[in-house]
Amino acid sequence: MSDYRDVNREYWDDRVAAHAASKDYAVAHFADDPGYLSEVVRFDRPRLGDVAGLDVVHLQCHIGTDTVSLGRLGARITGLDQSVPALEEARRLATAAGVEATFVESDLYGAVEALGPARFDLVYTGVGALNWLPDVRRWAQVVAALLRPGGRLHLREGHPMMWALDEGRTDGLLVVKYPYFETADPLVFEGEGGTYVTTDQVFTKNTTHEWNHGLGEIVTAVLDAGMELTRLDEHTTVPWDALPGMMFDAGGGEMQLVEHAERLPVSYTLQARKRT
Ligand SMILES: C[S@@+](CC[C@H](N)C(=O)[O-])C[C@H]1O[C@@H](n2cnc3c(N)ncnc32)[C@H](O)[C@@H]1O
C-alpha cells in the first residue's frame, strides 16, 4: 500500500486552487475588508481568549484563512501544512490581507523538528485535521512539545461519533458504519471527484487514508502528553456539510442536523494547558 502521506498530499494538492477560488473560503473578503475573520475563527472567539501578542502555531493550516484571521486578532502567527500549493495560497492570502505570517512545509509528525520545541503560547488546530493522522497519542506529544510550559491548546474538530456515521443515508437515520475508535489500518475512501466547498471542478486525486479517534482516546492522549484539560464542549453544529442531505445551514458557516439535533454532537472544542 502507498504511504498514507503521499496519497493524502496528492488529494489535498489537487483541491487547493478550487478551495482558494470557492466562495465558501471567502478569500477575497480578506483583502476587501481589513476586519474580516473566517467564520471558523468567529465561532471560536468566545472560547479562544485573547491571542494578541502570543506566539501561535496553526497546525494543518490549509490555505491559511484561519491562520490569517488569528494574525488579525494580534497573534504572531505560524501556519504549518504538508501541502506546498496550500502554503503558496496561504502566503498569497496573508500578503493580500496585509497580515504578517510565516508558513512552513512539514508533515504534522515532523512539526517539532521543523519549528523547534517549546516555541509557542498557543497551538490552534482542527476542523478536519485529526482524521488525517494515524496516531492521536503522537499528535498530542507533538502539540505538547511545541508549547512553552503554561501554553495552551485550542482544538475544534469533527466529533468522532459523527465521523463514525454512514454519510450516505437518505432516510434520515443515524447509522454507525465506521469505527469510532482509532484503528491500526486506515479507512480507505475512494471519492467521486468532489470536495466540501462549492466548486464546478471535478478532481482526479480522490483516494484518502483516514482514521477516527475516540473522544476518550483524544482526552487521554492530551493528558498523557503532559497537558491538563481546561474545557471540553460538544456542539450540535459543524462547519461543513458532514452528513449531506441531513443538515441545514444554521448560519455563520455552521451546519446542523435538520431533525433533533440534540441526538448527536457533531463537533467539539477541547482546550488544554501544558503543565508547568
Ligand atoms: C481540512 S484541511 C484543514 C482544515 C483547515 N482547518 C481549513 O479548513 O482551512 C486539512 C489540511 O491538513 C493537511 N494535512 C493532512 N495530513 C497532514 C499531515 N500528515 N501533515 C501535515 N498536514 C497535513 C492537508 O494538507 C490540508 O491542508
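Begin with the seven-stranded sheet of this predicted model. Select its strands in the order β3-β2-β1-β4-β5-β12-β8; they form an open sheet in which the pairing is mixed. Colour the two edge strands next: β3, residues 101–105, and β8, residues 227–235, each have a single partner strand, so one side of each is left without a neighbour in the sheet. Looking across the strands, the reader will find a twist that averages 15° from one strand to the next.

Within this sheet, select residues 55–59 and residues 76–81, which are strands β1 and β2. The two pair in the parallel sense over five bridges. Show L59, and L80 of β2 will be found standing opposite. Strands of a sheet pair through backbone hydrogen bonds, so it is helpful to display the backbone atoms at this stage.

Now add the helices that accompany the sheet. Helix α3, residues 39–48, packs on the sheet and touches β4 (120–126), β5 (147–158), β8 and β12 (267–274). The direction of α3 makes about 130° with that of β5. Then select residues 215–224, helix α9, which lies across β5, β8 and β12. Relative to β8, helix α9 runs at about 155°.

Turn next to the ligand and its surroundings. Which residues come nearest to the ligand? Of the 18 residues around it, these are Y25, H62, D81, D107 and L108. The shell is made up of eight nonpolar, seven polar and three charged residues.

Three side chains merit individual inspection:

- Y25: a polar atom of the side chain lies 2.7 Å from an oxygen atom of the ligand.
- Q60: an N or O atom in the side chain is 3.4 Å from an oxygen atom of the ligand.
- D107: a polar atom of the side chain lies 2.8 Å from a nitrogen atom of the ligand.

With a surface displayed, consider how much of the ligand is covered: on its own the ligand has 600 Å² of accessible area, and the protein covers 97% of it.

Finally, move to the three-stranded sheet, which is open, has the order β9-β11-β10 and is antiparallel in its pairing. Select β9 (237–238) and β10 (247–251) at the edges; each has a single partner strand, so one side of each is left without a neighbour in the sheet. Strand β11, residues 254–257, pairs with β10 in the antiparallel sense over four bridges.

Two residue pairs illustrate this register. M247 stands opposite L257 in β11, and the bridge partner of F248 in that strand is Q256. The tour ends at the hairpin of β10 and β11, where two residues lie between the strands. Select G252 there: this residue takes a positive phi near 65°.

Conventions
Residues are numbered from 1 along each chain as its sequence is written. This is a predicted model: local features need pLDDT of at least 70, side-chain atom pairs count only at pLDDT 80 or more; totals for chains, interfaces and linings use all residues. Side-chain values use heavy atoms; hydrogens and water are left out. Two strands pair if DSSP finds at least two bridges between them. Axes are lines fitted to C-alpha atoms, for helices over the stretch in contact, and angles run from 0 to 180 degrees between N-to-C directions. Contact means heavy atoms within 4.5 Å. A residue is near a molecule or strand if one of its heavy atoms lies within 4 Å of it. A polar contact is a pair of N or O atoms within 3.5 Å; within protein, one must be able to donate a hydrogen and the other to accept it, and residues adjacent in sequence count only if both atoms are side-chain atoms. Accessible areas come from the Shrake-Rupley method with a 1.4 Å probe; for residues, only the protein chains shown count as cover. Ala, Val, Leu, Ile, Met, Phe, Trp, Tyr, Cys and Pro count as nonpolar, Asp, Glu, Lys and Arg as charged, and the others, Gly among them, as polar.
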